[in-house]
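Take a look at the model below. The report that follows walks through its helix contacts, an annotated site and some unusual backbone spots.

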Amino acid sequence: MARSAPLSSEKRYAVGLMSGTSVDGIDAALVEIAGEPGSPREVRLIAFENTAFPADVRKEIFELFDPAKATLDRVGRMNVALGELYAAAALSVIAEAGVAPGEIAFIGSHGQTIYHAPEHRYTVQIGEGAVIAARTRIPCVSDFRPADIAVGGQGAPLVPFTEYLLYRETERTLLLQNIGGIGNVTVIPDGCSPDQVYAFDTGPGNMLIDGVVSRLTGGSQTMDTGGAMARKGMVDAELLRELQREEYYALQAPKTTGRERFGAAYVEELLRLGEERGLSAEDLVTTVTMLTAWSIGDAYDRFIRDRHPADLMLVGGGGSYNPVLMQFLKQEMEGKGVPVKTQEEAGGNSDAKEAVAFALLADCTMAGIPGNLPAATGASRPVVLGKISW
């Protein structure tokens, strides 16, 4: 049986693990939680690490995004391999914090999404929780999304529940915008109750930018580091208008999306359109960067502004480190009367935010408390999320 610290309503240590659609590595956060599960009095980040995936693992994960290549043997092998890597990441951040593994109450691991199809009632995350528990000798909560889908939800976004716990205010309406591979927003109205929080995916975050940069550079670059390429280009207004006609933006919320819509095939189409219009590599990257910023502003106009005019947008995720994207987003939102700050500017940590969220969601699971918000996911009712490996 796994050895771990007993659960306590006063204080407990937990580890959250996250790897997102950009597949840039494993985020591991060790947090101290005080108070009752589902309504913590305090959540303190003790240590955080990001461990890059080995190049061969990252390559194979991308291949598994293609259902034709995601054969049972390959998915099964990678499920176990990622479990080993997540376990190593958990033990590493525990050591970094100077805490003994036996003091950790539990681990919450999101896993790596390889396919998300809520319209067909399924989603697939890999990174075996039983392997994580066996290697660390700490109970592990994994596979969070299927429980929400089973009661009619999208299985995403799940982070809004934890954002409500950590960020709600009595006098300001906040927008929590994450820009990972996909962009997603959580709306926290001033003085709201949990059932008044809502959230949805705004569209592509870094996914199209990363995809275009990788293809244009022959894979020598996997992202537009520091916005270096976008800074040298110009937005092609006509191409931007064409891209804005993508039907996802007008779909009613709650809604989610991913590589199934904005993945490799979409990137190939972008490259074709760029070549057809004679755009430079820099102009195409700049235009796609603007598309991400526009999609966030468009989502606010369509689905949020009339219901809950916002007082502030807080931005986290890898996109918050792209100064060109942030400049475009600030122009987009401040023109609507909404100031924009990064998590760091507000005293937070963009990288650790989602890993912390899955530690908090696991805290609820271990206590048998629902961790989804039906207003965010579209589920018919609140449910306990995840599966526990001991």
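Helices (H or I, at least four residues) and strands (E, at least two) are DSSP runs, numbered from the N terminus. This is a predicted model: local features need pLDDT of at least 70, side-chain atom pairs count only at pLDDT 80 or more, and totals for chains, interfaces and linings use all residues. Residues are numbered from 1 along each chain as its sequence is written, and side-chain values use heavy atoms, with hydrogens and water left out.

**Unusual backbone spots**

Start with the cis peptide bonds. One joins Ala 253 and Pro 254, with omega about 0°. Pro 254 sits in the loop between helix H8 (237–243) and helix H9 (259–262). Another joins Ala 156 and Pro 157, with omega about -10°. Pro 157 belongs to the loop between helix H4 (146–150) and helix H5 (159–167).

Now look at phi. Neither Arg 121 nor Arg 137 is a glycine, yet each has a positive phi. For accessibility, buried means under 20% relative accessible area, exposed means over 50%, and partly exposed is in between (1.4 Å probe, protein chains only).

| Residue | Phi | Loop | Relative accessibility |
|---|---|---|---|
| Arg 121 | about 70° | between strand S5 (112–117) and strand S6 (122–126) | 41%, partly exposed |
| Arg 137 | about 60° | between helix H3 (129–136) and strand S7 (140–142) | 38%, partly exposed |

**The annotated site**

UniProt, in an unreviewed entry, lists Gly 20, Thr 21, Ser 22, Val 23, Asp 24, Gly 25, Ile 26 and Asp 27 under "binding site". UniProt positions are given in the numbering used here, feature names are shortened, and annotations may be inferred rather than shown by experiment. From this set, Gly 20, Thr 21, Ser 22, Asp 24, Gly 25 and Asp 27 help line the largest pocket. A pocket is found on a 1 Å grid over the protein atoms alone: it is an open set of points with protein on both sides within 12 Å along at least five of seven lines, and lining residues have an atom within 4 Å of a point.

Is Ser 22 buried or exposed? Ser 22 counts as buried, because its relative accessibility is 11%. Ser 22 lies in the loop between strand S1 (12–18) and strand S2 (26–36). Leaving out residues up to four places away in sequence, Ser 22 touches Arg 58, Phe 62, Gly 180, Gly 181, Asn 206, Asp 210 and Arg 259. Contact means heavy atoms within 4.5 Å.

Asp 24 is also placed in the loop between S1 and S2. Asp 24 is partly exposed, at 41% relative accessible area. With residues up to four places away in sequence not counted, Asp 24 touches Asn 50, Ala 52, Phe 53 and Arg 58.

**Helix against helix**

Axes are lines fitted to C-alpha atoms, for helices over the stretch in contact, and angles run from 0 to 180 degrees between N-to-C directions. Under 35 degrees is roughly parallel, over 145 roughly antiparallel, 65 to 115 roughly perpendicular, and the rest oblique.

The axes of helix H6 (residues 207–216) and helix H11 (residues 281–303) come within 9 Å and cross at roughly 170°. H6 and H11 are therefore roughly antiparallel. Their contact has 10 nonpolar, 2 polar and no charged residues. Ala, Val, Leu, Ile, Met, Phe, Trp, Tyr, Cys and Pro count as nonpolar, Asp, Glu, Lys and Arg as charged, and the others, Gly among them, as polar.

H5 and helix H13 (residues 353–366) pack at about 95°, with axes 9 Å apart. So H5 is roughly perpendicular to H13. This contact divides into 9 nonpolar, 1 polar and 3 charged residues.

How values were computed. On a 1 Å grid over the protein atoms alone, a cavity is a set of points where a 1.4 Å probe fits but cannot get out, and a pocket is an open set with protein on both sides within 12 Å along at least five of seven lines; lining residues have an atom within 4 Å of a point.
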